[in-house]
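Hi everyone, thanks for coming. I'd like to walk you through a structure that may be new to you, so let's put it on the screen.

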Amino acid sequence: MKILCPIKRVVDPYAKVRPLSDGSGLDIGAVKFDVNPFDEIAVEEAVRMKEKDPTVTITAVSIGGPEVEEQLRKALAMGADEAMLIENALPLDSSVVAAELAHFAKGYDLVLMGKQSTDDDNGQAAQMLAAKLNWPQATFASSVSIVDGIATVTRETDTGEETLVLPLPAVITTDLRLNEPRYIALPGIIKARTKPLSKVPRATDAGPKSRVVRMDSPPPRPAGRKVARVDELIAGLKERGVL
Amino acid sequence: MPRLLLVAFAPADNAALGGFAEAIGLEGTLIAFEGEVPPADAAADALKKEADGFTHIAAVSSMQSKDVMARLAGLLDAAMVTDAIKVVSPTQFVRPMVAGSVLATVETMHEPVVITFRPASFPKVEKNGDKALKVLETTTSRTSKSGGAKGSRPDLTQAKRIVSGGRPLKDAATFEKIIGGLADKLGGAVGATRAAVDSGIAANELQVGQTGKIVAPDLYIAAGISGSTQHMAGIKDSKVIVAINTDPDAPIFEFADFGLVADLFTAVPELTEKV
């Protein structure tokens with residue numbers, strides 16, 4: 001089984017970021033970058049499948065400039081077999097990413113990727129990709145099992161969970177509770193340096209269909225107050241008309 | 001000529017869709033799924049057949065609509081805007097990103113545009129369905145489904161009052177007794193942090209935050225919640241936020257309208273008794 005794991009380089013999800021004062025973009029200053037946490041869960045899941053079935057091969061893929069190599073190396077260190085960087089310096093949106101991935105996903109049995117990136121919070125690319133490939137999809141997976149080319153996926157829903165059964169090839173997106181990505185030990189990091197990482201030109205001339213024209217800070221919430229006792233809290237809530 | 005298609009995944013969506021139509025200034029044709037919404041491939045295929053000639057296709061944000069509408073956008077080669085909170089014009093929308101740290105103005109440069117929007121950011125305007133959508137064949141089969149209405153508690157995303165708890169609640173029974181007890185007294189819904197869900201104290205559909213439910217009640221009571229950026233991203237639009245926490249330096253006190261530094265195991269039951 002051939003698995004493709006698209007990964008995205010994102011600003012450290014635990015860092016505080018704010019827009020630049022002129023609204024032209026993000027003030028990333030000294031903020032670090034990492035693999036989008038949901039994509040990391042996807043790579044982890046693929047590596048676990050490979051550990052159970054050595055015939056599984058894993059390709060990590062990303063799109064962007066040379067800086068993305070750092071994140072692809074991390075995926076290799078986790079256990080991916082090879083990496084592919086689709087070289088791009090042009091503006092992107094989810095539709096472009098999906099168009100590019102649709103080209104490179106042909107021949108794979110499974111695309112496993114994060115349900116959303118923690119920078120854009122869009123959650124679009126995987127479903128768009130599944131549509132373009134005309135493959136079935138299971139988003140927000142909390143458990144995945146694949147037997148004889150059939151995926152059984154438990155996925156989180158608005159009201160609980162459900163189980164879907166879908167034939168491969170398919171696109172599956174990962175939710176938080178699918179697994180906990182491993183700690184990468186030094187031997188993995190060293191091994192990753194010698195694993196193949198290929199750079200390929202873009203396959204399409206698709207242009208973005210949307211773009212961010214401004215970024216602003218959300219309006220601050222008015223300062224609140226501390227109350228000393230439950231009675232004072234109840235009085236305050238009554239005053240505000242919410243009790 | 002702009003034309004708006006409104007997609008209702010549940011009857012409760014109708015009023016929010018009416019509000020969105022008003023905000024964008026288009027009349028809108030409303031279609032609703034007949035019966036249970038099928039898996040995304042079939043749902044998106046069915047919607048694609050209805051979408052011909054529409055420039056804007058909108059639905060209320062939910063996990064289900066994200067699953068289906070993004071696939072529809074792929075099928076239609078559409079531009080997409082997720083989680084809109086404001087319509088600037090039919091080609092410009094405001095949406096939060098980076099866990100709500102940024103409000104981005106997104107310009108669409110292509111039609112059609114598929115939009116999901118947060119209902120709390122738009123007025124409620126009653127609208128009737130114009131058409132029911134029949135479901136087609138599906139490659140994917142749904143073999144089980146759990147959840148749905150749990151007891152008499154309102155849905156988190158619609159609730160006027162929410163009581164949420166974090167990991168200090170210890171176990172599921174304590175969580176239900178303390179948090180559920182106050183929620184029931186207030187006629188509200190129960191929410192939880194990611195930490196509480198991950199440690200098995202609360203069910204996953206109760207998770208509130210960047211990657212869980214986005215809520216906007218009149219009253220949000222957070223008990224034993226420190227207030228991570230990810231959690232705050234899901235509750236920012238609440239009218240009044242109450243924080244009950246033993247740690248006076250917990251970040252949630254910076255956001256809370258009312259902060260009570262107290263042990264939740266005494267303060268919450270006292271609140272339950274007195275409200």
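How many residues of chain B are in contact with chain A? There are 83 of them, and they meet 72 residues of chain A. Please keep in mind that we are looking at a predicted model.

Let's stay with this interface for a moment. Between them, chain B and chain A bury about 6600 Å², and 53% of that is on carbon and sulfur atoms. Within chain B, the residues that lose the most area to chain A are B:M63, B:R71 and B:F258, which together make up 11% of what that side buries.

Now for the polar side of the story. The two chains, B and A, have 10 salt bridges between them. One of them pairs B:D198 with A:R177, and the closest N and O atoms there are 3.0 Å apart. In addition, 45 residue pairs are in polar contact across the interface of chain B and chain A. Which element of chain B gives the largest share of the side that touches chain A? Helix 3 of chain B, residues 63-76, does, with 9 residues. Taken by residue type, that side of chain B has 35 nonpolar, 26 polar and 22 charged residues.

The chains also share a sheet, so let me take you there. Strand 11 of chain A, residues 161-167, pairs with strand 10 of chain B, residues 141-145, in the antiparallel sense over 4 bridges. If you want a spot to zoom in on, A:L164 stands opposite B:R142.

Stepping back, this belongs to an open sheet of 10 strands with mixed pairing. Reading across, the order is 13(A)-7(A)-6(A)-1(A)-8(A)-12(A)-9(A)-10(A)-11(A)-10(B). Why do strand 13 of chain A and strand 10 of chain B each have one side left without a neighbour in the sheet? They stand at the edges with a single partner strand each, so there is no neighbour on the other side. On average, neighbouring strands of the sheet are turned by 30° against each other, direction ignored.

Inside chain A, strand 1 (residues 2-6) and strand 6 (residues 57-64) run parallel and are joined by 5 bridges. There, A:L4 stands opposite A:T59. And our helix 3 of chain B comes back here: helix 3 packs on the sheet, touching strand 9 and strand 10 of chain A, with its direction at about 85° to that of strand 9.

A few local details are fun to look up. Most residues other than glycine have a negative phi, and most peptide bonds are trans. Against that background, A:L168 and A:P169 are joined by a cis peptide bond, with omega about 0°, and A:P169 is found in the loop between strand 11 and strand 12 of chain A. Chain B has a cis bond from B:E111 to B:P112, where B:P112 lies in the loop between strand 7 and strand 8 of chain B. A:N134 has a positive phi, near 55°, and lies in the loop between helix 4 and strand 9 of chain A.

Last stop: salt bridges over all chains, of which the structure holds 34. Among them is A:K8 with A:D119, where the closest N and O atoms are 3.0 Å apart. A:K8 is in the loop between strand 1 and strand 2 of chain A and A:D119 in the loop between strand 8 and helix 4, so this pair ties together parts 111 residues apart in sequence.

Thanks for listening!

Notes
Residues numbered from 1 in each chain as written. Chains lettered and ligands numbered in written order. Predicted model: local features only at pLDDT ≥ 70, side-chain atom pairs only at ≥ 80, totals over all residues. Heavy atoms only, no water. Contact = heavy atoms within 4.5 Å. Buried area = accessible area lost by both parts, 1.4 Å probe. Salt bridge = Lys/Arg side-chain N within 4 Å of Asp/Glu carboxyl O. Polar contact = N/O pair within 3.5 Å; in protein donor to acceptor, adjacent residues only side chain to side chain. Helix = DSSP H or I, 4+ residues; strand = E, 2+ residues; numbered from the N terminus. Nonpolar A, V, L, I, M, F, W, Y, C, P; charged D, E, K, R; others polar. Pairing = 2+ DSSP bridges. Axes fitted to C-alpha atoms, helices over the stretch in contact; angles between N-to-C directions.
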